[in-house]
Every structure is written in structure tokens, then in C-alpha cells.
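Hi,

Here is the structure I promised to pass on. Have a look at it first, and then read my notes underneath.

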Amino acid sequence: MQGRMPLNMQEPASGIEQDHVELFHEIHYFQESLQAGHGVSTVGRAIHWLFTKLPGHFQAEEEIMRAGGYPLADSHRNSHQEILQVLESVVKTFEKEGATRGVCQKTASLIDLVHRHTHNEDQAMDQFFTKKSRKGN
Ligand SMILES: [Fe+2]
Ligand SMILES: [Fe+2]
């Protein structure tokens, strides 16, 4: 998978774009190791990245949506909440079980969810702000 998703939301978005680059890198790393049968050795790293990065990343996107009057902000925020709930469940299971195959599968599902969200909803948000900035407001 080629990881870079362009985001053109100007200044405050540069951190968001950087997060997406890192996210795709982490996704790729975990999926490769999963396919090679080494998921249990990398799942802790994937969970740690998601746990430390996602909440702040989502907050930054929500701030941009709010400040920019993005019309789909509510449903986008709901998707963030849904992802964070799944993340919380993955973290709890990881704390209880450690790096099991079950945790790898749960993490893979979570990563699919985050991946789809980034490709669909974040992309739609990016297009909105790109159009808006071309119009000059
Ligand atoms: Fe995002
Ligand atoms: Fe998002």
C-alpha cells in the first residue's frame, strides 16, 4: 500500500498530514508483519502508536472542522468516537491478554476502520477545505 494522503488544509493541517503519513507507515509495518506471521511481536507497537496519537489527531481535525464550518463535522466526529471506543476495547484486551493472536485480529480490524476513515471521511474533509481555500475564504 502506498501511504501518503495529501492534505491541503494549510497551516494547522500540517501536523494532521504528518500524522497521516505516520499512520500509513504504522499500518503498513503491522500488516506486513501480520502477513509474515509475526504479528504478536509488533502488535504492541501498533497499539501504542494508536493509543498515543489518535486522540490528539482526532481533536486537531475536529478543531479544524469546527473553525472552518465543515458541514459533515458531526458525523465525522461520531466516527472518531466510534474508533476511540474500539481502541479502548483493544487496549483493555491487550492489557489483559498481552500480545495474543486474538489481540492481533482485533488490532487489524481497528486498523482497517482507521484506514477506511482516513481514506473516506478525512479525504472528503480535505476536499471541502481545498475547494474553500481556492475560493479564497
Ligand atoms: Fe485523520
Ligand atoms: Fe478524521
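To start with the contacts: of those between residues at least 6 apart in sequence, 67% join residues at least 24 apart. Bear in mind that this is a predicted model.

As for the overall make-up, the protein has 4 helices and 0 strands, so going from the N terminus the order of elements reads α-α-α-α. Of its 137 residues, 24% are buried.

I spent most of my time on α1, which covers residues 14–35. This helix has 22 residues, and the distance from its first C-alpha to its last is 32 Å, close to the 32 Å expected at 1.5 Å a residue.

Which residues of α1 are buried? They are Ile16, Asp19, His20, Leu23, Glu26, Ile27, Phe30 and Leu34. Looking down the axis of α1, you'll find these buried residues within an arc of 130 degrees, so they line one face of the helix. Note that Asp19, His20 and Glu26 are on the buried list along with Leu23 and Phe30.

And what sits over them? The cover on the buried residues of α1 includes α2 (39–67) and α4 (101–135). On the face turned away from the buried side, α1 carries Ser14 and Gln18, both exposed.

One last backbone detail, if you are stepping along the chain: just after α1 comes Gly37, with a positive phi of about 85 degrees.

Cheers

Note on methods
Residues are numbered from 1 along each chain as its sequence is written. Chains are lettered from A and ligands numbered from 1 in the order in which they are written. This is a predicted model: local features need pLDDT of at least 70, side-chain atom pairs count only at pLDDT 80 or more; totals for chains, interfaces and linings use all residues. Helices (H or I, at least four residues) and strands (E, at least two) are DSSP runs, numbered from the N terminus. The expected span of a helix is 1.5 Å times one less than its number of residues. A residue is buried if 20 or more other C-beta atoms lie within 10 Å of its own, exposed if 12 or fewer, and partly exposed in between; C-beta atoms are placed from the backbone. The arc is that of the directions from the helix axis to the C-beta atoms. Two residues are in contact if their C-beta atoms, placed from the backbone, lie within 7 Å.
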